[in-house]
Amino acid sequence: MRIRDLLIDPPLVLAPMEGVTDVTFRRLVRRIGGVSLTCTEFIPARGLVERPDRCKELADFDPDEHPLVIQLFGRDPELLAEGARVAEGLGADVVDLNMGCPSKKVCAHSGGSALMKEPELVQRIVRTVRAAVQGPLTVKMRAGWDPEHQNAPELAWMCQEEGAEAVTVHWRTRAELYGGTLRYEVVAEVKRRLTVPVLFNGDVIDAESARAALGATGCDGLMVGRGAIRDPWVFRRIAHALYGGPPVVVDAAEQERVLLGYYDDILERFGSEKGALGRWKKITRYFGEGLEGGEILRDRVLHSRTVDEARDEVRAFFAGMAA
Ligand SMILES: Cc1cc2nc3c(=O)[nH]c(=O)nc-3n(C[C@H](O)[C@H](O)[C@H](O)COP(=O)(O)O)c2cc1C
């Protein structure tokens with residue numbers, strides 16, 4: 001898959017996730033491999049323009065992290081355009097516009113997925129941002145606002161006509177939040193209408209779900225979010241199964257090493273044990289889902305009051321697994 005002249009091979013992309021996909025998590029996933037494009041969590045365009053000192057941390061990336069997507073959210077075309085310029089200035093290879101966030105806070109200000117209810121505004125946004133940046137511009141959206149308004153095919157086409165160079169579609173509507181029953185039709189329709197690459201997103205967690213999504217929609221690539229927290233090896237697993245390579249086998253010792261190593265990395269970044277522990281707990285919640293008996297690990301880490309306690313719980317859990 002190519003987004004303009006950027007080769008995204010294998011066509012596997014880490015989804016933006018607020019509070020998760022900071023530079024340390026993206027580093028972890030990139031080190032494991034199989035992922036070709038990584039994305040920051042959403043950054044308010046207004047913040048990036050008016051309070052760059054506060055938002056720069058969100059846009060932090062490693063010198064070798066290219067190609068990199070910086071995702072912006074907002075609803076003011078001029079502010080988004082200015083934010084996109086700043087993002088490019090910081091080193092983004094691609095600027096992505098968020099039209100999929102379901103959070104009440106974001107939608108209350110009519111950003112994120114609420115934009116899907118305002119196609120004319122979306123048109124102005126994409127046109128204005130397109131004119132402001134040199135590099136590729138992409139859009140991420142949901143299937144629509146609710147099951148009665150699944151307008152992703154029309155909206156994605158309009159974004160393409162205004163200059164978006166790839167579109168990611170999460171199969172759910174905003175009303176479904178993170179529930180609902182997996183459907184491929186709307187994303188498949190987006191793919192049929194567009195000539196730029198279309199990425200499928202939502203509940204891709206392994207090679208089987210990846211193959212099914214690509215087969216049912218004909219999409220050019222996949223974006224994976226929660227599946228990568230649960231199993232940071234997911235990109236390698238999918239890449240090897242679909243595009244060639246030996247099966248990826250990860251033992252408990254490797255899982256333990258990665259989880260503890262990740263903690264050291266966030267501690268260094270946050271500088272405070274409290275902030276780092278909070279974030280580590282969040283990751284461990286998902287990571288536990290990928291392990292047999294992982295709810296025990298999750299509960300024990302969640303109830304840890306100190307870093308040392310949490311580390312001991314991780315070690316004890318994996319020692320139990322090995323036994
Ligand atoms: C904790 C969390 C934070 C998220 N933050 C963002 C975000 O900043 N920008 C965005 O476009 N989507 C965000 N999403 C949505 C994901 O990018 C993705 O579309 C969604 O989780 C479905 O994909 P998945 O099933 O692979 O996780 C977030 C999702 C989660 C779980």
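# Asking why about a two-domain model

The domain assignment of this predicted model gives domain 1 (2-243) and domain 2 (252-322).

Me: What makes residues of domain 1 and domain 2 count as being in contact?
Reply: The test is heavy atoms within 4.5 Å. By that test, 17 residues of domain 1 are in contact with 15 residues of domain 2. The C-alpha centres of the two domains lie 28 Å apart.

Me: Why is the protein called as compact as a globular protein of its length?
Reply: Set its radius of gyration against the globule rule. The radius is 19 Å, and the rule gives 20 Å for 323 residues; the two values are close, so the protein is as compact as a globular protein of that length. As for the overall extent, the C-alpha atoms fill a box of roughly 60 × 45 × 35 Å along the principal axes. The protein has 15 helices and 11 strands.

Me: How much of the protein is buried, and what does "buried" ask of a residue?
Reply: A residue is buried if its relative accessible area is under 20%. Buried residues make up 57% of the 323 residues. On the outside, the accessible surface comes to about 14,000 Å², and 49% of that belongs to carbon and sulfur atoms.

Me: Why is helix α7 called mostly covered?
Reply: Look at the count for residues 152-161: 7 of the 10 residues in α7 are buried. They are Ala152, Pro153, Leu155, Ala156, Met158, Cys159 and Gln160.

Me: Which elements do those buried residues pack against?
Reply: The buried residues of α7 pack against two helices, α6 (119-132) and α8 (185-193), and two strands, β8 (137-144) and β9 (166-173). After α7 comes Gly163, with a positive phi near 115°.

Me: What makes the phi of Arg4 worth pointing out?
Reply: Most residues other than glycine have a negative phi. Arg4 is not a glycine, yet its phi is positive, near 55°. You will find Arg4 in the loop between β1 (2-3) and β2.

Me: Why is Arg4 called partly exposed?
Reply: Partly exposed covers the range between the buried cut-off, under 20%, and the exposed cut-off, over 50%. Arg4 has a relative accessible area of 40%, so Arg4 is partly exposed.

Me: And what is the phi of Asp203, and where does this residue lie?
Reply: Asp203 has a positive phi of about 65°, although it is not a glycine. Its place is the loop between β10 (198-201) and α9 (207-217). With a relative accessible area of 35%, Asp203 is partly exposed.

Me: How do you know that the bond between Asp9 and Pro10 is cis?
Reply: Check omega: for the bond joining Asp9 and Pro10, omega is about 0°, and the bond is cis. Pro10 is found in the loop between β2 (6-7) and β3 (12-14). Most peptide bonds are trans.

Me: What is omega for the bond from His66 to Pro67?
Reply: Omega is near 0° there, and the peptide bond from His66 to Pro67 is cis. Pro67 sits in the loop between α3 (52-55) and β6 (68-73).

Me: Finally, how many positive and negative side chains are there?
Reply: There are 43 positive and 49 negative side chains, and the centres of the two sets lie 2 Å apart.

Methods: Residues numbered from 1 in each chain as written. Predicted model: local features only at pLDDT ≥ 70, side-chain atom pairs only at ≥ 80, totals over all residues. Heavy atoms only, no water. Helix = DSSP H or I, 4+ residues; strand = E, 2+ residues; numbered from the N terminus. Rg over C-alpha atoms; globule rule 2.2 N^0.38 Å. Buried < 20%, exposed > 50% of the residue type's maximum accessible area, 1.4 Å probe, protein only. Areas by Shrake-Rupley, 256 points an atom, 1.4 Å probe, with all protein chains shown as cover. Lys, Arg positive; Asp, Glu negative; His and termini not counted. Charge placed at Lys NZ, Arg CZ, Asp CG, Glu CD. Domains from an automatic or database assignment.
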